Amino acid sequence: MDIARGVAGNGVTDVAGNGATDVAGNAATDVEFRQLRCLVAIVDEGTFTDAAHALGVSQAAVSRTLASLERALGVRLLRRTSREVSPTTTGLRVVAQARRVLGEVDDLVREATSGHAVLRIGYAWSALGRHTSTFQRRWAQDHPGTELHLVRVNSATAGLAEGVCDLAVVRRPPEDRRLDSAIVGLERRMVALAADDPLAGRRSVRLADLSGRTLLIDRRTGTTTPDLWPPDSRPATEETHDVDDWLTVIATGRCVGMTAESTAHQYRRPGIVYRPVRDAEPIAVRLAWWHDESHPATQPAIELLTALYRND
């Protein structure tokens with residue numbers, strides 16, 4: 001990050017102190033990033049001369065910047081002799097905090113400017129099932145310049161509304177009209193049962209087999225509702241908001257669950273079996289994104305996922 005950036009971003013001052021103060025106009029108490037970078041450089045390099053070389057400025061500019069920081073804080077930060085420079089006790093604490101602050105700022109800048117270099121894909125429960133690993137490997141091979149991150153966020157938009165991802169894997173149409181989506185594939189509906197459940201011995205089940213059971217659902221992100229059954233044969237329901245809790249309750253035999261096939265591939269667990277529900281419609285897998293802020297890698301991601309699902 002350029003050492004000339006002001007701490008509040010309201011004004012710019014070069015390392016020699018020539019430029020504008022921030023909008024508060026309170027230069028006596030405001031600490032700037034350039035001052036912190038200068039302090040850390042002096043401590044790391046050991047001398048004002050070497051710090052000036054590392055920062056690409058004059059030694060006089062380094063001296064003035066440090067002096068302005070000490071005036072702003074009202075404390076002495078460095079002990080200076082003809083042979084060495086060392087932090088005071090207060091200076092050691094300030095340097096440690098300055099490193100943390102500067103590190104966070106650098107992280108912020110990377111986050112804000114890495115748009116094309118990183119693609120973050122959010123998902124609520126089960127990502128892409130058996131295609132998850134293949135998608136990650138193929139993406140790394142075909143798009144080495146764009147790093148892929150998968151992020152689990154149990155929300156209706158799988159992280160889009162929260163601002164933690166660029167694309168989201170969702171399994172129902174987004175309700176927010178500001179979001180666009182594209183169907184990349186279809187998945188079977190599966191019922192999750194305790195391993196000792198009477199239905200676990202079957203190769204598949206029907207919706208009617210589950211009508212007298214208690215169905216564990218996630219209304220916020222799930223794809224299953226009582227509306228899948230006729231009004232006179234709908235199962236009782238209980239709610240959960242986490243896939244691990246969902247599996248834990250189902251393993252007791254008290255409830256059953258219905259989910260997309262991807263969950264069966266991604267969450268295999270002792271005591272749980274999955275069986276296809278042969279008369280239930282498949283679930284559409286979608287990629288969703290903000291209508292006015294699509295990531296440059298959106299179309300390649302859609303194409304790769306569509307190809308993977310097409311080859312099922």
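Start with the open sheet of this predicted model: select its five strands, which lie in the order β4-β3-β5-β12-β6 with mixed pairing. Color the two ends of that order next. The edge strands are β4 (147-152) and β6 (179-187); each has a single partner strand, so one side of each is left without a neighbour in the sheet. Look along the sheet and follow the turn from strand to strand: the twist averages 25° from one strand to the next.

Now select residues 118-123, which make up strand β3. Strands β3 and β4 run parallel and are joined by six bridges. For one position along this pair, show L119 of β3, whose bridge partner in β4 is L148.

Add residues 132-142. This is helix α5, which lies across β3 and β4 and runs at about 155° to β4.

Then select residues 298-310, helix α8. Helix α8 packs on the sheet, where it touches β3, β5 (167-170), β6 and β12 (283-290). The direction of α8 makes about 15° with that of β6. A distance check can be made in the viewer between the end C-alpha atoms of α8: they are 18 Å apart, which agrees with the 18 Å that its 13 residues should span at 1.5 Å a residue.

Stay on α8 and show side chains. Which residues of α8 are buried? They are T298, A301, I302, L304, L305, L308 and Y309. Show their surroundings as well: these buried residues pack against β3, α5, β5, β6 and β12.

Move to the loop between β4 and β5 and pick V164. Is V164 buried, partly exposed or exposed? Its relative accessible area is 35%, which lies between the 20% and 50% cut-offs, so V164 counts as partly exposed. Draw a distance from the C-alpha atom of V164 to that of G122: the value is 7.6 Å, although the two residues are 42 apart along the chain. Beyond its neighbours within four places in sequence, V164 is in contact with R120, V151, V153 and G159.

Finish with cysteines. Select C165, which is buried because its relative accessible area of 7% is under 20%. C255 is also buried, at 2% relative accessibility. How many disulfides does the model contain? The count is zero, where a disulfide would need a pair of cysteine sulfur atoms within 2.5 Å.

Definitions and conventions
Residues numbered from 1 in each chain as written. Predicted model: local features only at pLDDT ≥ 70, side-chain atom pairs only at ≥ 80, totals over all residues. Heavy atoms only, no water. Buried < 20%, exposed > 50% of the residue type's maximum accessible area, 1.4 Å probe, protein only. Pairing = 2+ DSSP bridges. Helix = DSSP H or I, 4+ residues; strand = E, 2+ residues; numbered from the N terminus. Axes fitted to C-alpha atoms, helices over the stretch in contact; angles between N-to-C directions. Contact = heavy atoms within 4.5 Å. Expected span 1.5 Å × (residues − 1).
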